[in-house]
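Biologist: I am new to this structure. Please take one helix and walk me through it closely, then add a few residues elsewhere.

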Amino acid sequence: MALPDIHKTRPSPKIPQNEKLLAHWVALRGDARFPRRTQFNPMQVTDLLPQLVMLEPDLPDTATIRLFGTGLARRLGIDLSNANLLALYDEERQELLRELLNFLVEHHCVVIGHSEWATPSGHRFTTENLWLPLSDEHGKVIRVLGSLWETNVLLDANETLGGSVNTSQYLTERSYFSF
């Protein structure tokens, strides 16, 4: 895999909620490269909780979902708390996620991506995905905080993905930032 470009500027999420989470993460980190996991208190961003994911990466084979927001569970049609995110996808998509997470963990990057989804009835929507590293006291990335917000709303906001992440398409874009 060719190494992706790492932008040295602060990312600019399109979704206001992702911008709010990024600003919170930046405030928590202060002068550090990124905040410690113990600094992040989900109760400080309660309005964002429905769309948050907290991963515990144990790469290359595991990325355990430690927090899966209720809004995400509703849209998917199933709660994925404690599931291995990588095991939910076919091999090709696992490799894409593994590359993204490995790069984030190894290079301590913030990642913004966009994913295309389709419901079983054929409705399509896009999510803007923000991924933020959190470390232990020694600077090792031990959690990845994710925020997934729809950039366009389905005709029926209660429609689910039928309980399967396999309705997702590949990431249509992703950008890495170290600022």
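Modeller: Start just past the helix end: α3 is followed by His108, whose phi is positive, near 55°. This is a predicted model, where local features need pLDDT of at least 70, side-chain atom pairs count only at pLDDT 80 or more, and totals for chains, interfaces and linings use all residues. Residues are numbered from 1 along each chain as its sequence is written, and side-chain values use heavy atoms, with hydrogens and water left out.

Now the helix itself. Helix α3 covers residues 91–107, 17 residues in total. Helices are DSSP runs of H or I with at least four residues, strands are runs of E with at least two, and both are numbered from the N terminus. From first C-alpha to last, α3 reaches 24 Å, close to the 24 Å expected at 1.5 Å a residue. That expected span is 1.5 Å times one less than the number of residues.

At the start of α3, a side-chain oxygen of Asp90 comes to within 3.2 Å of the backbone nitrogen of Glu92. Several α3 residues are buried, among them Arg93, Leu97, Glu99 and Phe103. Buried means under 20% relative accessible area with a 1.4 Å probe, protein chains only.

Next, helix α2, residues 70–76, which holds Arg75. Arg75 is buried too, at 7% relative accessible area. Its side chain makes a polar contact with the side chain of Glu150, at 2.7 Å.

Last, strand β6, residues 141–150, where Gly146 lies. Gly146 has 0% relative accessibility, so it counts as buried. Gly146 and Arg36 are 110 residues apart in sequence and 15 Å apart in space, C-alpha to C-alpha.

Definitions and conventions:
Buried means under 20% relative accessible area, exposed over 50%, partly exposed in between (1.4 Å probe, protein chains only). A polar contact is a pair of N or O atoms within 3.5 Å; within protein, one must be able to donate a hydrogen and the other to accept it, and residues adjacent in sequence count only if both atoms are side-chain atoms.
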